Amino acid sequence: IRRWCAPVLDLEPHTAPAVYLARRAELGADEVNRRLLRAAGVGAFLVDTGMEGAELLTAAELARHGDAAANEVVSIEQIEHDVAEMAQLALDYMDSLAEELTARAARAVGMATVIGYRCGLDFDPSRPSRGAVIAAANRRLSDPKEPLTDPILLRYLLWTAVDVARERGLPVQFHAGFGDPDHGFHPGPQRTDPARMTTFVKALQPIGVPVVLLHCYPFHRQAAYLAGVFPHVYVDVGLALTYSAAGSARIMDELLELVPFHKQLFGSGCHGVAETGHLGALYFRRALAATLKSRLDAGEWSAADAARVAHMIGSGNARRVYRL
């Protein structure tokens, strides 16, 4: 932050933390957001609306500050939480869940799930039975304010979302690997390996629902394998590059060993403060540039090849997958 964000706020690189924070306060949140988000050079923000709060920008505010377009990615667990607090009976819960997912998907470009952080990606890939769902829903409605962690209802929610995504032609994002613990829950790092959901991914192939694997580190090679094997799987390493910083070029190089060039997407993983948006874009560009340069220097690629791949990963693939 002090190296790359400080100059955007008119400070010298590596300025002292206290000086950086004082300058941030002097400029004010709106100006800081405007500068850092525009410095990221993003053309379209895809905003996961699962994290709500008065301190967070809405998609429209993010677009205004960043001088870019903005679209919503629906958080299915957030919708479930809203439905659970309103439903009185298990059947009401099931009907309302499908209706609300359908309504929210109508104005979104994708759907997102954190099932990996709630119960692990080694979940049972089959659809749960109606009886099991009703019994689990009755338990859920006895304490609806808590985040959903019941594996049966998480699977039911996911399959309901898949049905809606198929009807609307939407991709489904899966948070995998490194990421913030969701509401304090985290099943352990090995259970967030995307390779553990291979059977489920395979089941989605004939349905035609695109799967986007987010973050994935340190399982980015497993994610690359899935993208290489299955035509409907894509990889967006997102915040992995931001948090690995100096190691981001290595991660990008390892990812591109196997993932097809038309299957990787740029994402900043921006969350909480605008600095993460700027750094996400910056480390993505630096990492991709280093990887492409190594291929150019080795004479394996032409400059036209490198430019084409940079365009695909930087924006073209996302525009196609999310139908922007």
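**Salt bridges, aromatic pairs and backbone oddities**

Asp-10 counts as exposed, because its relative accessibility of 52% is over the 50% mark. Everything described here comes from a predicted model. Asp-10 sits in the segment before α1, and its backbone is a bit unusual: phi is near 70°, a positive value in a residue that is not glycine. Most residues other than glycine have a negative phi.

Asp-10 also has a charged partner. Its side chain makes a salt bridge with Arg-35, with 2.7 Å between the closest N and O atoms. Arg-35 belongs to helix α2 (residues 29–39) while Asp-10 comes from the segment before α1 (17–27), so this contact ties together parts of the chain that are 25 residues apart in sequence. The pair does not stand alone, as Asp-10 and Arg-35 join Arg-23, Glu-26, Glu-31 and Arg-34 in a network of salt bridges. Arg-34, a member of that network, has another neighbour to look at: its C-alpha atom is separated by 8.3 Å from that of Asp-67, although the two residues are 33 apart along the chain. Asp-67 is placed in the loop between α3 (59–66) and β2 (69–75), and at 59% relative accessibility it counts as exposed.

How many salt bridges does the model hold? The count is 20 salt bridges. Side chains of opposite charge can pair when their charged atoms come close. One of the bridges is between Asp-163 and Arg-127, at 2.7 Å from N to O. Asp-163 is in helix α8 (residues 151–168) and Arg-127 in the loop between α6 (115–118) and α7 (130–141), so the bridge links distant parts of the chain, 36 residues apart. Are the two partners buried or exposed? Asp-163 is buried and Arg-127 is partly exposed. With a relative accessible area of 19%, Asp-163 falls under the 20% limit and therefore goes down as buried. Arg-127, at 43%, is partly exposed.

A further bridge brings together Arg-295 and Asp-253, 3.1 Å from N to O. Here both partners are helical: Arg-295 lies in α13 (residues 274–297) and Asp-253 in α12 (residues 248–255), so the bridge ties together parts that are 42 residues apart in sequence. Arg-295 is buried, with a relative accessible area of 12%, whereas Asp-253 is partly exposed at 29%.

Charge also shows up on the surface as a negative patch made by Asp-82, Asp-92, Asp-95, Glu-99 and Glu-100. Which helix gives the largest share of the negative patch? That is helix α5 (residues 90–105), with four residues. Asp-82 belongs to helix α4 (residues 76–86) and is partly exposed, with a relative accessible area of 30%.

Turning to the aromatic residues, the model has six aromatic pairs. Phe-261 and Trp-301 make an edge-to-face pair, because their ring centres are 5.2 Å apart and their planes meet at 80°, which is over the 60 degrees needed for that class. Phe-261 is in the loop between α12 and α13, and Trp-301 in the loop between α13 and α14 (303–321), so the pair ties together parts that are 40 residues apart in sequence. Trp-301 is buried at 16% relative accessibility, while Phe-261 is partly exposed at 30%.

The loop between α12 and α13 also supplies Phe-266. This residue pairs with Phe-284 in a tilted arrangement, 4.7 Å from centre to centre and with 50° between the planes. Since Phe-284 is in helix α13, the pair ties together parts that are 18 residues apart in sequence. Phe-284 is buried at 9% relative accessibility, and Phe-266 is partly exposed at 22%. Elsewhere, Phe-123, Trp-159, Phe-174 and Phe-200 form one aromatic cluster.

Two more backbone features deserve a look. Tyr-217 and Pro-218 are joined by a cis peptide bond, with omega at about 5°. Most peptide bonds are trans. Pro-218 is found in the loop between β5 (211–215) and α10 (220–229). Ala-245, in the loop between α11 (239–244) and α12, has a positive phi near 50°, and at 22% relative accessibility this residue counts as partly exposed.

Terms used
Residues are numbered from 1 along each chain as its sequence is written. Side-chain values use heavy atoms; hydrogens and water are left out. A salt bridge is a side-chain nitrogen of Lys or Arg within 4 Å of a carboxyl oxygen of Asp or Glu. Helices (H or I, at least four residues) and strands (E, at least two) are DSSP runs, numbered from the N terminus. Buried means under 20% relative accessible area, exposed over 50%, partly exposed in between (1.4 Å probe, protein chains only). Patches are made of residues with over 30% relative accessible area and no salt bridge: like charges are joined within 9 Å, nonpolar side chains (Val, Leu, Ile, Met, Phe, Trp, Tyr) within 5 Å. Accessible areas come from the Shrake-Rupley method with a 1.4 Å probe; for residues, only the protein chains shown count as cover. Lys and Arg count as positive and Asp and Glu as negative; His and the chain ends are not counted. The place of a charge is taken as NZ of Lys, CZ of Arg, CG of Asp or CD of Glu. Rings of Phe, Tyr and Trp (its six-membered ring) pair if their centres lie within 6.5 Å; planes under 30 degrees apart count as stacked, over 60 as edge-to-face and the rest as tilted.
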